[in-house]
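Q: Give me a close look at the buried side of this one: which side chains sit out of reach, and what do they pair up with? A connected tour would suit me better than a list.

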Amino acid sequence: MSLLTAESTLFKTLIISYLILLISISAKAQEATFTIAGDVKDQKGISLPGILVVVEELNKASISDINGKFEIAGIPEGKYTVVIQNIGYKPYKKLILVNKETGILSIPLEEEIIETQVITIEGKSKTQEAKEQAIKAEVIDTKAVKVQPVSLNELMNRSAGIRIRQTGGLGSTSNLMINGYQGKAIKYFKDGIPLDYLGGGYDISFVPVNALERLEVYKGVLPVNLGADALGGAVNMISRKSLPRYAEFSYELGSFNTHRVSANAFYSDTAKKIFIGADVFYNHSDNDYKVIADVTDEISSTRSPKEVRLFHNKFTNYYGEVYGGVRNTKWADELRIGLTGYWINRENQYGSNMSQPFGASVNRQYSVIPTLRYQKSLFKNRLHIDQFLVINTIHSQQIDTAHGYYDWYGNFTSAPHKIGEQRVQGIYAKQNFSYFTSRTNLSYVLNPKHKIEFNAVYTALSRVGNDPYGVKFKNSGTDILTIPAYYNKAIFAVGLHSKIYKENLSNIFIIKHYHYSTSYVDGDYYTGVEKKGSSSKNRWGIAEAIKLMVNQNSFFRLSGEVATRLPGQDEIFGDGNTNLSNFELKPEKSVNFNLGFRTHNKDNLTLEVNTFYRITRDLILRVAPVNFLFAQYQNIENVKGVGLETDVNYNLLKWLRINGNFTYQDYRLFNSSQKEFNGNRLKNTPYFFANLGLSGQFNKVINDNDKLTILCYYTFVKEYYLDYIPKDQEPQSFLGLWGRAQYSTPNIIPDQHILTGGFTYSPAYKLSFSFLIKNMTNSVLYDNYKIQNAGRSFHIKVNYLLK
């Protein structure tokens, strides 16, 4: 057993032992907790829904349901003050004793006659709190748009500073860009847990909006609990949690034989001690839309652009998660056990660009994943423990054995000398990626103004596989994929949260440590000599975020960070085929700053302006060709840039709302390895884009309970460049915002205008119908590396909620 394997085994043992110890300690250290339950009625005995009930000493609260009933769990034994302050009713305050004999509270509210004495209590949703924290985040309320037939990609593309580019239709590879940073510089999370262990099974390109409560998109500095080696930001997908019991089903039918099904259910017993739930979704699309491709004439062998229909571009995936556990016990606030399974089948119509069609290349991936999460608060809720564990294997397969080639019309020509389409030698690769991930988060409230937080994420990964057509070591002939490769990564963060000057000044100070180690067998391309090796790297990082309240509705935000992104296992190990390994790869290093201002008028206006500065060294890029035939990830470029983004929401009328945003970002190379590129814009990166949305809501259209919403969205993306072009050949207007590049090349993605419109109709609270036309003008749209997206498409969706 290698030293690296021993290190991984030891760490796993320590983590599991640590979890068992935490549970046993908490069972002894934490006193028993109880639930305050009751009902709220007016003087006539009529139940009052929507009343906020607060336990003053613990700052815990609950809202009465449609029957006026409420429950507040996790209350230690003792005396507490129950407080209610609600518009139209006199304030209510009562001291109660909480123990095992505490009964059901019956709270009568008296109407407030003197209007000047009415007290208004304003609360903030989790979405609003996330938007207004010291660390800059773009928060997308997916719950508010769950009835629309939209994808997460489309929702994010309507936000300031964010662009997602895909290599095709539904299920194709997505490249997320946040304030100029993109690719692996952006990290993904599900409920605060890094998503690596889920592989491609929970991708933003096909996860349904119904499965989520909201999306938190962090720009620059990350919160302590999202411990990750991100440079430019992160996306945290928050699961549905708002309803104690519900079942929801949705079905979407769209152009290109697109079908999207989502089903979600959650149940908790009346004592809120036991819970079970399930999230299931299915996606399929033929993605057989028309594109303009360079077609080779059989007679003259010349290539000319022709309109053709994609014929080998299907995508299918299944995803299911069941979970259950216990809550509000002596030894756990929540213990959650889950089992997830997914399967993906993706046809490959083309490679990294659309220069050549494929007709038989396929990728598949599947996994079954058990998870465990434990949460507990101790010492009168001052210490909070959150531990997550997962161990699983992701199985992937890539097949490219057509023994010939296809043209753009789907015609096949046999070629005995050629095994594969993507690679002449062919590909029949099977790889197993084994993951162990532990995430530990501890927070302790020092006093009402200060809290300290610790977060640790450890990942151990091994890869092994085989490919009879793959690259082999020159001397022994051994398939490279059959030799196991090991990769361990650990990221530690400690943060101090402070709120001072009557909470008008908030500050978060964070220190991070990054570590990774690898173990491998490498071979020299020319001599064929094989050798065992190992490598490791350590880095430190620091970050700070400050929020200053100007008044109740306005504040400034300032944040800065020195961050590191560790190389990924695929960047270090290669793929055993066309991507070579690079065990000398260095981590990327970044310095970034954000300065922003946000203000809102609770009646009709929200305005946010944010500026940012980024500088990155040792940027990791894929370079080709290397050794004549291959590609390799290398530290090749240094990039710096500045940007500005603005977001406005305004209620024109009570029923009509408009929102708009724009983003300008100027990223350029400096100290480049190729001096002629110094000062050029970063290639394949949009530098100006904007969005405009309009929605009108009408109530009681047909009956007293229905609601109709009319929707219209417009997106503009300024032309940008697939390769570097001389700075003096860029548009000469102010910031290059209008005009065309003075450079004749096909590698320019032209200005793009995208218009979407439709409506949603809810005849009752539980049922809704929605219809959207995407790309209404049928414009020719291009995306990542000038891959063409779909033209006009039609989508309908039905959503039903049972609770």
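A: Let's start with Tyr92, which counts as buried at 16% relative accessibility (buried is under 20% relative accessible area, exposed is over 50%, and partly exposed falls in between, using a 1.4 Å probe on protein chains only). Before going further: this is a predicted model, where local features need pLDDT of at least 70 and side-chain atom pairs count only at pLDDT 80 or more, while totals for chains, interfaces and linings use all residues. Residues are numbered from 1 along each chain as its sequence is written, and side-chain values use heavy atoms, with hydrogens and water left out.

Back to Tyr92. You'll find Tyr92 in strand β6, residues 92-98 (helices are DSSP runs of H or I with at least four residues, strands are runs of E with at least two, and both are numbered from the N terminus). Go 39 residues along the chain and you can pair Tyr92 with Val53: the C-alpha atoms of these two are separated by 9.5 Å.

Now for the rings. Searching the whole structure turns up 24 aromatic pairs. Take Phe206 and Phe315: their ring centres are 5.2 Å apart and their planes meet at 40°, so this pair is tilted. Phe206 lies in the loop between β13 (193-194) and β14 (212-219), while Phe315 belongs to strand β21 (residues 315-327), so the pair ties together parts that are 109 residues apart in sequence. As for accessibility, Phe206 is buried, and Phe315 is buried too. The pairing rule takes rings of Phe, Tyr and Trp (its six-membered ring) with centres within 6.5 Å; planes under 30 degrees apart are stacked, over 60 edge-to-face, the rest tilted. There's also an aromatic cluster to pick out, formed by Tyr202, Phe281 and Tyr319. If you're colouring the model by ring contacts, that trio belongs in one group: Tyr202, Phe281 and Tyr319 form one cluster.

On to the charges. Side chains of opposite charge can pair when their charged atoms come close. Here, the count over the whole structure is 31 salt bridges (a side-chain nitrogen of Lys or Arg within 4 Å of a carboxyl oxygen of Asp or Glu). One of them joins Lys219 to Glu645, whose closest N and O atoms are 2.7 Å apart. Lys219 is in strand β14 and Glu645 is in strand β36 (residues 630-653), so this bridge ties together parts that are 426 residues apart in sequence. Each end of it is tucked away: Lys219 is buried, with a relative accessible area of 0%, and Glu645 is buried as well, at 2%.

Arg373 and Asp386 give you another bridge, with their side chains meeting at 2.8 Å, N to O. Arg373 lies in strand β23 (residues 362-378) and Asp386 in strand β24 (residues 383-400), so here the parts being tied together are 13 residues apart in sequence. Again, Arg373 is buried, and so is Asp386.

Then there's the bridge between Glu608 and Arg598, with the closest N and O atoms 3.0 Å apart. Glu608 comes from strand β35 (residues 605-626) and Arg598 from strand β34 (residues 588-601), so to speak distant parts of the chain, 10 residues apart, linked by the pair. Glu608 is buried, with a relative accessible area of 10%, and Arg598 also counts as buried, at 7% relative accessibility.

Here's where the charges join up. Lys219, Glu645, Arg598 and Glu608, which you've just met, are among the members of a salt-bridge network that also takes in Lys136, Glu138 and Arg557. So if you select that network, the Lys219 to Glu645 bridge at 2.7 Å and the Glu608 to Arg598 bridge at 3.0 Å have their residues in it. For the accessibility of those four, Lys219 has 0%, Glu645 2%, Arg598 7% and Glu608 10%.
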